[in-house]
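Please look through the structure below with attention to its aromatic rings and to a few buried polar side chains. The paragraphs after it take these in turn.

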Amino acid sequence: FINRYPAEDYPPVDVSLTANVEKTIEGDDAASYTADEDFIFVLEQLVGDSYVKLGEVAVKNGYPGELTVAKVTFTDVGIYEFRITEKTPDNPTPGMTYSTQRSLFKVTVTDTDMDGRLEIAAANEAHTDNVAVVATNNDPEQAAGITLDTKFVNIYEYGSVPLKVDIYKDLTNESGVAQSKTQFKFGMVASDAQGTPLAGAAVTE
């Protein structure tokens, strides 16, 4: 005699999927980065041999962003894979090195108690640093949800290049007093787009 289990297809299990993404800026010039820039992150699910986009979220430096996909459907036991990546913008910020990290997550769906229902047994990070083990909910009859937590780091460095500035001073002297060639001094200091000197910037005379 041959028995088959399950006797019929599993009832599908729908869960919400939330990606929590944090962005930080590091590098020699990170302290001078003040732009109100949105960093875009994409959440995808591996389907067959390719990834399918589930959504994206905009995150600002130092602030976490959250993307919730209302429904992800599991229809059978197995391992389901998800990933979060950062999009490099069409017009990247000069001096910014955008993260190429891929945060990969594996969600294991089982039926260990053989009750004919699927359970989310585990959801763990895979192949990626700085990715926390995610929260899971093992009871599909509850409002089950999966949370993926990850952190991305960009590097902000201007680098240094030689800079030569030629300054010319025209003077009309009607006082009759002799003038020294070195009595006029000029200074140069690094400033932001509004003309405010950058913190720690040295004045070159």
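A charge sits over a ring if NZ of Lys or CZ of Arg is within 6 Å of the ring centre and within 35 degrees of the ring normal. In this predicted model, the charged end of Arg83 is placed in that way over the ring of Tyr51, at 3.9 Å from its centre. Lys23 provides another case: Lys23 lies over the face of Phe39, and its distance from the ring centre is 5.3 Å.

Rings also pair with one another. Searching the whole structure gives four aromatic pairs. One of them is formed by Tyr33 and Tyr156, and this pair is edge-to-face because the planes stand at 70°, with the ring centres 5.1 Å apart. Why does this pair tie together parts that are 123 residues apart in sequence? Tyr33 lies in the loop between β1 (13-26) and β2 (39-47), whereas Tyr156 belongs to strand β9 (residues 145-156), so the contact between the rings links these two parts of the chain. Tyr33 and Tyr156 are both buried.

Phe74 and Tyr80 make up another aromatic pair, also edge-to-face, with 4.6 Å from centre to centre and 70° between the planes. Phe74 is buried, and Tyr80 is buried as well.

The loop between β1 and β2 also holds Glu37. Which side chain of opposite charge is nearest to Glu37, and how far away is it? It is Lys23, at 8.8 Å, and Glu37 has no salt bridge although it is buried. A salt bridge would need a side-chain nitrogen of Lys or Arg within 4 Å of a carboxyl oxygen of Asp or Glu. What Glu37 does have is a polar contact with Tyr98, 2.8 Å between the side chains. Leaving out residues up to four places away in sequence, Glu37 touches Tyr98 together with Val59, Lys60, Pro89, Thr93 and Met96.

The last residue to look at is Thr18, which is found in strand β1. Is Thr18 buried or exposed? Its relative accessible area is 12%, so Thr18 is buried; the cut-off for buried is under 20%. The side chain of Thr18 is joined to that of Thr68 by a polar contact of 3.1 Å. With residues up to four places away in sequence again left out, Thr18 touches Glu66, Leu67 and Thr68, and also Ile146, Thr147 and Leu148.

Conventions
Residues numbered from 1 in each chain as written. Predicted model: local features only at pLDDT ≥ 70, side-chain atom pairs only at ≥ 80, totals over all residues. Heavy atoms only, no water. Phe/Tyr/Trp six-rings, centres within 6.5 Å; stacked < 30°, edge-to-face > 60°. Helix = DSSP H or I, 4+ residues; strand = E, 2+ residues; numbered from the N terminus. Buried < 20%, exposed > 50% of the residue type's maximum accessible area, 1.4 Å probe, protein only. Lys, Arg positive; Asp, Glu negative; His and termini not counted. Polar contact = N/O pair within 3.5 Å; in protein donor to acceptor, adjacent residues only side chain to side chain. Contact = heavy atoms within 4.5 Å.
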